[in-house]
Amino acid sequence: MSVPSIRTRLARVIVGIGLIGALPSSAVPALADMEAAISAARSGDYERAFKEASPLAEKGDPEAQIMLATLYEKGLSVPRNLDTARQWYEKAAAKGHPGAMVSLALMTIESNSGERDLAKAEDMLLKAADAGYAPAQHNLALLYAGAAGFEQNWEKSAEWFRKAAEQGLADAQYNLGVLYAEGRGVPKDMVQAANWMSKAAVQGLEDAALDYGIMVFRGEGVQKDEKVGAQWLLVAARMGNAVAQNRLAHLYLAGRGVDQDPVEGMKWNILAREGGRSDPDLDAQLAKLSESDRAEAEMRVRAFKAQLLAQKAQANPS
């Protein structure tokens, strides 16, 4: 199976804006005081979030300090100021907050001011990862996979992906599956690859749904089942994955894993092409459809796009 490259984008975990990250037990009581600030941030009222969090941050609440740091880093309701953001992250990190350590590490990695220090970033990620913080473990694994130009160490990468994956982090589960599929840092094992990719797919990770669908369809590392494989491709296609949409178009045209439906095949081919996945051979086959079938396919494309927009609006009401 040809699997895509490992997901090496360093993903920042924003703690306090929209969601609460894993907190040390000593910080949990402060959550009640932070409720108003968190609620404001979730609703997009960052000015109120800043107002509510500021006095708590000054009193030493690490969750409030991280919120202020994030607001300054992103320029939400206040002028963007990375120095001030760093100061607030440092205050929270000094209290042992792993989310703050991750944010500081990523600011260090992404710095354009000459302060980029990968060894320092590694050290901060290690402290948070050793504390059991899954996002830190995942980002550390990405660093060892070569992210940000760091020297690759696939054994260490696999070790930390596993720790984060065992805590249920979908990206880590997918990446560990990729390492098993490619035999990097671990012995090549398609059964293990399928196992970890399936876990990530169940959590709704688009790339995992695509790759696991292909594995099931072909019987790689898992019992072959074209119908189940096609359904996983459909899951990824509905998320907007152009590769899945292209493969699904072929399946509908051939009637493999799904009932044969050239019109549905054309729908997915149009969407895949608009997503950057062109297929001249498929275009040529579908060009033989009647004018009424092509019109029906276009109508299905419009309906799909409308449904996708509605889902996005529901997921992001603000």
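**Exercise 1. Two helices side by side**

Is the crossing of H11 and H12 left-handed or right-handed? Work out also how the two helices run relative to each other and which residues join them.

Solution. The model is a predicted one.

Step 1. Two packed helices are described by the angle between their axes and the distance between the axes.

Step 2. For helix H11 (residues 206–218) and helix H12 (residues 226–238), the axes come within 7 Å and cross at roughly 165°. Angles over 145 degrees count as roughly antiparallel, so H11 is roughly antiparallel to H12.

Step 3. The crossing of H11 and H12 is left-handed.

Step 4. On the H11 side, the contact is made by Glu-206, Ala-209, Leu-210, Tyr-212, Gly-213, Ile-214, Val-216 and Phe-217. On the H12 side, Glu-226, Val-228, Gly-229, Ala-230, Trp-232, Leu-233, Val-235 and Ala-236 take part. Sorted by class, the contact of H11 with H12 holds 12 nonpolar, 2 polar and 2 charged residues.

**Exercise 2. An aromatic pair between H11 and H12**

Why is the pair of Tyr-212 and Trp-232 edge-to-face? State where each residue lies and whether it is buried or exposed.

Solution.

Step 1. A pair of aromatic rings is described by the distance of the centres and the angle of the planes.

Step 2. The ring centres of Tyr-212 and Trp-232 are 5.7 Å apart and the planes stand at 75°. Planes over 60 degrees apart count as edge-to-face, so this pair is edge-to-face.

Step 3. Tyr-212 lies in helix H11 and Trp-232 in helix H12, 20 residues apart, and the pair links distant parts of the chain.

Step 4. Buried means under 20% relative accessible area. Tyr-212 has 13% and is therefore buried; Trp-232, with 18%, is buried because its value is also under the limit.

**Exercise 3. A covered helix**

How many residues of helix H7 are buried, and what do they pack against? Describe also the aromatic pair that Tyr-144 forms.

Solution.

Step 1. Helix H7 spans residues 134–144, and 11 of its 11 residues are buried. Among them are Gln-137, His-138 and Asn-139.

Step 2. These buried residues pack against four helices: H5 (98–110), H6 (118–130), H8 (154–166) and H9 (170–182).

Step 3. Just after H7, Gly-146 takes a positive phi of about 110°.

Step 4. The count of aromatic pairs comes to 4. One of them joins Tyr-144 and Phe-150, edge-to-face, with 5.8 Å from centre to centre and 65° between the planes. Tyr-144 is buried at 3% relative accessible area, and Phe-150 is buried at 15%.

**Exercise 4. The neighbours H5 and H6**

At what angle do H5 and H6 pack, and which residues meet?

Solution.

Step 1. H5 and H6 pack at about 165°, their axes 8 Å apart. H5 is therefore roughly antiparallel to H6, and their crossing is left-handed.

Step 2. Pro-98, Met-101, Val-102, Leu-104, Ala-105, Thr-108 and Ile-109 come from H5. They meet Leu-118, Ala-121, Met-124, Leu-125, Lys-127 and Ala-128 of H6.

Step 3. By class, this contact of H5 with H6 has 11 nonpolar, 1 polar and 1 charged residues.

**Exercise 5. The whole chain**

How many helices and strands does the chain have, and what share of its residues counts as buried?

Solution.

Step 1. The chain has 16 helices and 0 strands.

Step 2. Its length is 318 residues, of which 48% count as buried.

Step 3. Of the contacts between residues at least 6 apart in sequence, 54% join residues at least 24 apart.

Methods:
Residues are numbered from 1 along each chain as its sequence is written. This is a predicted model: local features need pLDDT of at least 70, side-chain atom pairs count only at pLDDT 80 or more; totals for chains, interfaces and linings use all residues. Side-chain values use heavy atoms; hydrogens and water are left out. Buried means under 20% relative accessible area, exposed over 50%, partly exposed in between (1.4 Å probe, protein chains only). Contact means heavy atoms within 4.5 Å. Axes are lines fitted to C-alpha atoms, for helices over the stretch in contact, and angles run from 0 to 180 degrees between N-to-C directions. Angles under 35 degrees count as roughly parallel, over 145 as roughly antiparallel, 65 to 115 as roughly perpendicular and the rest as oblique. A crossing is left-handed if the near helix is turned anticlockwise from the far one by less than a right angle, and right-handed if clockwise. Ala, Val, Leu, Ile, Met, Phe, Trp, Tyr, Cys and Pro count as nonpolar, Asp, Glu, Lys and Arg as charged, and the others, Gly among them, as polar. Rings of Phe, Tyr and Trp (its six-membered ring) pair if their centres lie within 6.5 Å; planes under 30 degrees apart count as stacked, over 60 as edge-to-face and the rest as tilted.
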